[in-house]
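Here is a briefing on one protein model. Keep the structure open while reading.

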Amino acid sequence: MKKKFKLILFFLIFNSFLINANALDSRCDGLFKSIKNNKLNLIFDELDYKEVTDTNFEFDSFYNSKSAVWEYKRDEFNNLIISRINDRDEIFEIDDDIKYSKEEIAIGDKLISINGTKVSNLSDIEIDELLLDYSDFKLTEQQLLNLKFEFENLNGERIVKSASYLDRESQASASVYVKVKNISDIDVKNAKFNGDLTLSVSWQIENLYPLSKDHLIVDKSKDEYWYCMFTPNEFEEMQIGEVFFENMNSIQQNDNLIEDKYNFLISDYFYSSEIYEKEDRDFIEITHDKKGNFTFSNKYNLKAFPFDRQILRIRIADPSRDFEWLRLNVDNWTVLGLQDFKSKGEILEWEIINTYTNYYNEVDPVSTNISSGVELIFEIERNYQYYLFKVVFPIILILLVSWSVFWVHPRELESKLTITIVCLLSLIAYNFVIDKDLPKLSYLTILDYIVLLSYVFATIPNFISIYSFEKHRLKKPIWQVVDRKSRIYGPVIYLVLVMFIIIINVSGNENTSAFLSFLR
């Protein structure tokens, strides 16, 4: 929780310099030749790996722009949320309907208590005090064993784990920045959506500093610095260590809209601008920018359709490196950008409910390599009014028309059957309208159940009408009782069953619109 975060308008400052440059400038051209020739014989063809120590568990936090402090992210019961699990033996990934094995936890599970003290009753300051020595790596082995965390996983199981430290002999770090301009074409039928975004990953290499300082420092006394941009081909020629990040769930990109470049900035600039705290180390920060339109694959849960809530994910990772070698961190600007997109962004046919970032573990199914990953989460809710007013209500109206035949005398059998058959055909037409927007699912949605129920209730009046006609023909007065009760009980039973279907499908389903959330 002890994070320094200066809200400096980095990119405005960046653009305000009178030092705008590109790879064709003399300084950048000189930098390119200096790195390529490497007369100092420095090693920079890999990332800067260092000895580091990790805690086995980390907990989600966010920057509160109103109070200007970092706060722990909590669930609805005020419990903390696991943001990272750094112990390989503890890592367990939940995917769709795969259930937990016994005594397993995953990223996103809840921290219930620390040494028996419920975190829901503790303030952030009190939690910081409890975890201070743990976070500062000051605990002995015995103290670590005595520090107990009680977790609750998605199955509701309570699991107690001890604290521990993990020593990494060589680990590099990189920062991920994502700015979302637009999200569109949410296609649940083909399990994808489109996004216009800028994706940047930054990392630092110290050995580039001696080769770069003469080119990127203009006048240190006046805080004048240069920056350079290089193309992917130029960067490849320089043979510099790189984070090979990928949009892990991107299935297509529009090559006409993609911008791909590498920016070089010197540490002196960051120190003078107070973007970073001054350290006894000099470095060059490299930022790889990709900007354009991407198509992402996404899994949708449509059981509550058309009253559904969905989660869109954009996942970034470097699958070439194990999480013990490379640690990806979310840039603070990403968090602020997502908050801005939540308040100002628009998605056609959907409402944005929440936006946030998560860490996750990218597991290679072949090599079983586990990579550090960052994902952007967009919780969206379908604008159900279209389906309510143009599908559900008309279906109910058609059913009421179908059952209105019991106000017609039984001797008019032909007219009654014509009405019920026309109503049944109308329902079939509505079913085709619904199916064109949905994939071929292995389960039924709320709307599917309503339509199937409507089929049944559209056919029942046919049989009852025939029965009434026959009783009338035989001059048996029972037909009057049947028609009178059918006028009332038929529509009422149908409406009750529709409500029952909605309640059953909504109960326990997190993918349900807010207006039905009280039924969960």
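Asp331 caps the N-terminal end of α8 in this predicted model. One of its side-chain oxygens lies 2.7 Å from the backbone nitrogen of Trp333. The helix itself covers residues 332–344.

**Helix α8**
- α8 has 13 residues, which should span 18 Å at 1.5 Å a residue. Its end C-alpha atoms are 19 Å apart, in agreement with that expectation.
- Thr334, Val335, Leu336, Leu338 and Phe341 are the buried residues named in α8.
- An α-helix has 3.6 residues a turn, so residues three or four places apart point the same way.
- The buried residues of α8 pack against four strands: β10 (165–187), β20 (326–330), β21 (350–363) and β22 (370–382).

**Strand β10 and its partners**
- β10 pairs with β1 (residues 50–55) in the antiparallel sense, over five bridges. Lys50 has Gln171 of β10 as its bridge partner.
- β10 and β20 run parallel, joined by five bridges. Ala174 is matched with Leu328 in β20.
- β10 also pairs with β11 (residues 192–205), antiparallel, over ten bridges. Here Val178 is bridged to Leu199 of β11.
- β10 and β11 form a hairpin, with four residues between them. Ala191 sits in the turn and has a positive phi of about 55 degrees.

**The four-strand sheet**
- An open sheet has the strand order β15-β19-β22-β21, and its pairing is antiparallel.
- β15 (246–247) and β21 are the edge strands. Each has a single partner strand, so one side of each is left without a neighbour in the sheet.
- β19 (residues 309–317) and β22 pair over nine bridges, in the antiparallel sense. Gln310 has Ile380 of β22 as its bridge partner.

**Nonpolar cores**
- The largest nonpolar core has 101 residues. Trp203, Ile240, Phe264 and Ile286 have the most contacts inside it.
- Another core, of 25 residues, lies apart from that one. Its members include Leu122, Phe149, Ile159 and Phe323.
- Beyond four places in sequence, Ile240 is in contact with Ile35, Phe44, Asp45, Ile205, Leu208, Phe235, Phe264 and Ile286.

**Two buried polar residues**
- His288 is in strand β18 (residues 284–297). At 4% relative accessibility, His288 counts as buried.
- The His288 side chain makes a polar contact with the side chain of Asp260, at 2.5 Å.
- Leaving aside neighbours within four places in sequence, the contacts of His288 are Leu199, Ser200, Val201, Trp203, Glu242, Phe245, Asp260, Lys261 and Tyr262. One of these, Leu199, is also the bridge partner of Val178.
- Asp60 lies in the loop between β2 (57–59) and β3 (61–64). Asp60 counts as buried because its relative accessibility is 8%, under the 20% cut-off.
- Leaving aside neighbours within four places in sequence, Asp60 is in contact with Glu71, Tyr72, Lys73, Ile81, Ser83 and Asn358.

**Backbone exceptions**
- Most residues other than glycine have a negative phi, and most peptide bonds are trans.
- Asn115 is not a glycine, yet has a positive phi of about 50 degrees. Asn115 is in the loop between β6 (110–114) and β7 (117–118). At 44% relative accessibility, Asn115 counts as partly exposed.
- Gln239 has a positive phi too, near 55 degrees. Gln239 is found in the loop between α6 (232–238) and β15. At 52% relative accessibility, Gln239 counts as exposed.
- The peptide bond from Phe305 to Pro306 is cis, with omega near 5 degrees. Pro306 lies in the loop between β18 and β19.

**Confidence**
- The protein averages a pLDDT of 87. At least 70 is reached by 91% of the residues.
- Over residues 1–24, pLDDT stays under 50. The model has 55 contacts beyond four places in sequence for that stretch.

Conventions. Residues are numbered from 1 along each chain as its sequence is written. This is a predicted model: local features need pLDDT of at least 70, side-chain atom pairs count only at pLDDT 80 or more; totals for chains, interfaces and linings use all residues. Side-chain values use heavy atoms; hydrogens and water are left out. Buried means under 20% relative accessible area, exposed over 50%, partly exposed in between (1.4 Å probe, protein chains only). Contact means heavy atoms within 4.5 Å. The expected span of a helix is 1.5 Å times one less than its number of residues. A polar contact is a pair of N or O atoms within 3.5 Å; within protein, one must be able to donate a hydrogen and the other to accept it, and residues adjacent in sequence count only if both atoms are side-chain atoms. A nonpolar core is a set of buried Ala, Val, Leu, Ile, Met, Phe, Trp, Tyr and Cys residues joined through side-chain atoms within 4.5 Å. pLDDT is the predictor's confidence in each residue, from 0 to 100. Two strands pair if DSSP finds at least two bridges between them.
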